[in-house]
Each structure stands twice: as C-alpha cells, then as structure tokens.
Amino acid sequence: MIIESAAPTGMAWAATEVKAKIVNMSFGGPELDPVEHAINTLSQRYDILLVAGG
C-alpha cells in the first residue's frame with residue numbers, strides 16, 4: 001500500500017522529472033483529501049491530467 005504522504009511526492013516527480021502529461025493512480029482507503037488536493041494543485045501547476053481512484 002502507498003503511504004499517502006508519498007503520493008504527492010510521486011505525482012510531483014512524474015510532473016517535473018518525467019514530464020508526464022497523464023498520471024493514473026489507484027488508492028484504497030477512505031482518506032484521500034490530501035491526495036485530492038495534491039492532484040488539483042499539480043494538475044493546474046504543470047498542465048497535466050492526474051487520475052486517482054479509490
């Protein structure tokens with residue numbers, strides 16, 4: 001299982017280092033608010049599509 005605090009770091013890495021335009025992730029668990037915030041922030045900042053499902 002991915003530790004939720006590592007998810008935004010991975011999203012930022014994909015956006016900045018790999019220059020990904022689409023990132024698709026799947027998470028389990030009820031608590032995704034920090035991840036949702038990171039997705040919105042990084043999507044806008046780097047003009048990429050980040051997809052995360054639970």
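**Entry 1: L49 and the surface**

I looked up the exposure of L49 in this predicted model. L49 has a relative accessible area of 48%, so I recorded this residue as partly exposed, the class between 20% and 50%. I placed L49 in strand β2, which covers residues 49-53. I then asked which residues form a nonpolar patch on the surface with L49. The patch consists of I22, L49 and V51, and together these have about 270 Å² of accessible area.

**Entry 2: confidence**

I checked the mean pLDDT of the protein and found 78, with 74% of the residues reaching 70 or more. Among the elements, β2 has the lowest mean, 77. Helix α1, residues 6-16, has the highest, 86. I kept in mind that predicted coordinates should not be read in detail where pLDDT is low.

**Entry 3: the core**

I looked up the largest nonpolar core and noted 13 residues in it. The members that touch the most others are M11, V23, V35, I39, I48 and L50. Two or more residues of this core come from each of α1, β1 (22-26) and α2. For M11, I listed the contacts beyond four places in sequence: M25, V35, A38, I39, L42 and L50.

**Entry 4: S43**

Is S43 buried or exposed? I found a relative accessibility of 19%, which is under the 20% cut-off, and therefore entered S43 as buried. S43 lies in helix α2, residues 33-46. With residues up to four places away in sequence set aside, S43 touches I48 and L50. I noted that L50 is also among the contacts of M11.

Technical notes. Residues are numbered from 1 along each chain as its sequence is written. This is a predicted model: local features need pLDDT of at least 70, side-chain atom pairs count only at pLDDT 80 or more; totals for chains, interfaces and linings use all residues. Side-chain values use heavy atoms; hydrogens and water are left out. Helices (H or I, at least four residues) and strands (E, at least two) are DSSP runs, numbered from the N terminus. Buried means under 20% relative accessible area, exposed over 50%, partly exposed in between (1.4 Å probe, protein chains only). Contact means heavy atoms within 4.5 Å. Patches are made of residues with over 30% relative accessible area and no salt bridge: like charges are joined within 9 Å, nonpolar side chains (Val, Leu, Ile, Met, Phe, Trp, Tyr) within 5 Å. Accessible areas come from the Shrake-Rupley method with a 1.4 Å probe; for residues, only the protein chains shown count as cover. A salt bridge is a side-chain nitrogen of Lys or Arg within 4 Å of a carboxyl oxygen of Asp or Glu. pLDDT is the predictor's confidence in each residue, from 0 to 100. A nonpolar core is a set of buried Ala, Val, Leu, Ile, Met, Phe, Trp, Tyr and Cys residues joined through side-chain atoms within 4.5 Å.
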